[in-house]
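Colleague: I should like to go through this model with you, one topic at a time. May I put my questions once the structure is on display?

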Amino acid sequence: MHHKEAVLVLTLFSIALLTQLAVGDYHHASVKSGERGTLESRNFPFNLFDARENILLTDIGERFSDASLFFGPAETGIVNFFSPPPFRANPALISQALTQQPAFGAESNPTGSSIGGGYAYHDIVTPTDSAVNYTVTTADELLTALQSAGQGDVVYIDEMANINLTDTPEVVIPAGVTLASNRGARSTVGSAVYSFNIGKQGDYVLWGLASAPQENGKSFWVSVDGEESRHWNLERGSNWSWNREGSHNLSSGQHTLVIRWRENESKLDRLFITADSGLVPDAAIKEHAEGDRIWLEAESGVTSSPMRKISDPTASGGMCISVLESSRMDETPISPGGRIFLMRANNSRYPTALIAGGENIRITGIRLEGPDITTESVNPPALGIYASYRMEVDNCEIWGWSGAGIGVYRTGGGSDMKSGGYFHHNNIHHCQMNGLGYGIIVANGSVSLIEANYFDYCRHAIAGDGHVENGYEVRYNVFGYNFPESNNAHRIDMHGVSTASGNVAGDRLIIHHNTFEAISTTDYCIAIRGIPRTGAYIDHNWIKYTGDPIGRTGVTTSQLNTRMYIGENKGPNGQTLSTLSQRIISTSLS
């Protein structure tokens, strides 16, 4: 089968599954499962697909009978490219480990970066990183780069880019490729960016040969390696003079220097970096790199508007950099990251923005905007990222997806949650369509580690379709105040699947050290719609919801605590709860 046909099958199947889940949310349709939880029959009172779409799916299935086309890659020969620590699958050990944690809620976040990512995120890709192979600003450039990119390549979305995928074919990210932008970095707008290497760790002084003829035009912003920008005041004068910026402690290796515009009319001709704090650059100093001395022509940097390279016969080499427009930048902005968006089109059948085309993919630091922020039903539902392979999504803002922001399908089960997908430090919001509206969904035998994200305005922030091999570990996340109150808006959800051994709700569900901000809502923070095969472990969360936090379906009263391991959690008034209230909810509710 051709690659594009396989992608079409996967995309169609993902939308079909989302639609089936929507029907299940409304009606809890009967689902039968055979070996490995494969769907055998599903009795829906109605179907959101029309006859032509059903025929199309059936036709594709008959022509390509290999089940891997529908459910993603085989589970043999899995390579764990995230290399997480070993996970102990023994339920008693899990419960013991969790109850030893003294802190409650997401404030105990140990990841080293803020929940939701953004400013000060620890692993931001910038345009000057040596790993960047392609920089793109348009849809055509993105498609061309992805067609050429291979294992280990980085495709960088310029922070000023607004890439419209509405009328483009499927955007498939090849195996091993990183799609990145610089969400949370100091913005490079109106700047010149330089890379340089230091041979020996130490304190280095930065000098600049500058001209500042105007009283209100004699300063720049300076940042090294993404640190907070410093205000560089220049000596006023129309002649070129050397100005000392200050000292920076630098490790050996590559570094990035950003000179950013603050006021118009300031000019910069040359840069000098030295470890000799008493050395003042002048014409007598040898003008080439020598030991601890680094010389840079100002115009050699990568500039972005309104900073530009201009001709000046008085400058060395006849060029310098400056901003001549009458503008001012009083503080350095934080980059929101390059934007990729998709709108609804008349010919759009199954709107999906990005598709994982193989293993070891990473999407980081971008903004991914969908067409639907409403709670009203739209057809067909839109999907932000379709992952039928194990991948990482981090430090992104993802919103406006009526189906799901991230859909994880058949990536493999097991005790190592990270091996099925790693989704962390994202801001995911406005995925709230009635019937669907998932921030992240795991389905058809998938597991995922979901940590340090901020979720809000979602119907279900995290959901699963109930497959007997589904699982997730959900930790250090914050669930905001603004989930819809009348849309069955559970924060964390696992559907139930009827099997020969009973109603199953996934395999292993681990939910700990999260903060649920909503004080009052019409629905439950956590909904488990059956009995997990191994168990649900719920510990050390801070649940500010004043009602019963957990709702269950598909169980009897005597089964309410079956394979539900609930340790200490924090209640709405800050009190420690030795157990969480839970109750059986009608099977007609989600």
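**Aromatic pairs, strands and loops**

Modeller: Phe-479 is buried, with a relative accessible area of 0%. Please bear in mind throughout that this is a predicted model.

Colleague: What is the secondary structure of the protein, in helices and strands?

Modeller: The protein has 590 residues, and 57% of them are buried. Of the contacts with a separation of 6 or more, 77% are between residues 24 or more positions apart. The secondary structure comes to five helices and 47 strands.

Colleague: How many aromatic pairs does a search of the whole structure find, and how is the pair of Phe-220 and Trp-232 classed?

Modeller: The search of the whole structure yields eight aromatic pairs. For Phe-220 and Trp-232, the ring centres are 6.3 Å apart and the planes lie at 50°. An angle that is neither under 30 degrees nor over 60 falls in the remaining class, so this pair is tilted.

Colleague: Which strands hold Phe-220 and Trp-232, and is Phe-220 buried or exposed?

Modeller: Phe-220 has a relative accessible area of 1%, which makes it buried, and Trp-232 is likewise buried at 1%. The two residues also stand opposite each other across paired strands. The ring pair ties together parts that are twelve residues apart in sequence, because Phe-220 lies in strand 10 and Trp-232 in strand 11.

Colleague: How is the aromatic pair of Phe-479 and Phe-516 arranged?

Modeller: Phe-516 counts as buried at 1% relative accessibility, and Phe-479 is buried at 0%. The centres of their rings are 4.8 Å apart, with 5° between the planes. An angle under 30 degrees meets the cut-off, so the pair is stacked.

Colleague: Which strands does the pair of Phe-479 and Phe-516 link, and how many residues apart are they?

Modeller: Phe-479 belongs to strand 34 (residues 478–479), and Phe-516 to strand 39 (residues 515–516). The pair thus links distant parts of the chain, 37 residues apart.

Colleague: Which residues do ring pairs link into a cluster, and which lysines lie over the face of Trp-542?

Modeller: The cluster consists of Trp-242, Phe-272 and Trp-295. Over the face of Trp-542 lies Lys-544, at 4.3 Å from the ring centre. The face of Trp-542 also has Lys-570 over it, at 3.8 Å from the ring centre.

Colleague: What is the strand order of the open sheet with antiparallel pairing?

Modeller: Strand 10 (residues 219–224) is joined to strand 11 by four bridges, and the two run antiparallel. The edge strands of the sheet, each pairing on one side only, are strand 11 (230–233) and strand 16 (302–303). The five strands follow the order 11-10-13-8-16.

Colleague: Where do strands pair in the parallel sense, and which residue stands opposite Tyr-454?

Modeller: Strand 28 (residues 427–431) runs parallel to strand 31 (residues 454–458), with four bridges between them; here His-429 is opposite Asp-456. Strand 31 also pairs in the parallel sense with strand 34, over two bridges. In strand 34, the residue opposite Tyr-454 is Val-478.

Colleague: Which residues other than glycine have a positive phi?

Modeller: One such residue lies in the loop between strand 20 (352–356) and strand 21 (361–364); this is Asn-360, with phi near 60° and a partly exposed position at 27% relative accessibility. Another is in the loop between strand 38 (508–512) and strand 39, with a phi of about 55° and a buried position at 1% relative accessible area. The residues are therefore Asn-360 and His-513.

Colleague: Which peptide bond is cis?

Modeller: Pro-380 is in the loop between strand 22 (367–369) and strand 23 (383–387). Omega is near 0° for the bond that runs from Asn-379 to Pro-380.

Colleague: Is Leu-577 buried, exposed or partly exposed, and with which residues is Leu-577 in contact beyond four places in sequence?

Modeller: Leu-577 is found in strand 46 (residues 576–577), and its relative accessible area of 23% makes it partly exposed. Ile-566, eleven residues away in sequence, is 9.9 Å from Leu-577, C-alpha to C-alpha. Leaving aside neighbours within four places, the contacts of Leu-577 are Gly-567, Glu-568, Asn-569, Lys-570 and Gly-571.

Definitions and conventions
Residues numbered from 1 in each chain as written. Predicted model: local features only at pLDDT ≥ 70, side-chain atom pairs only at ≥ 80, totals over all residues. Heavy atoms only, no water. Pairing = 2+ DSSP bridges. Buried < 20%, exposed > 50% of the residue type's maximum accessible area, 1.4 Å probe, protein only. Contact = heavy atoms within 4.5 Å. Phe/Tyr/Trp six-rings, centres within 6.5 Å; stacked < 30°, edge-to-face > 60°. Lys NZ or Arg CZ within 6 Å of the ring centre and 35° of its normal.
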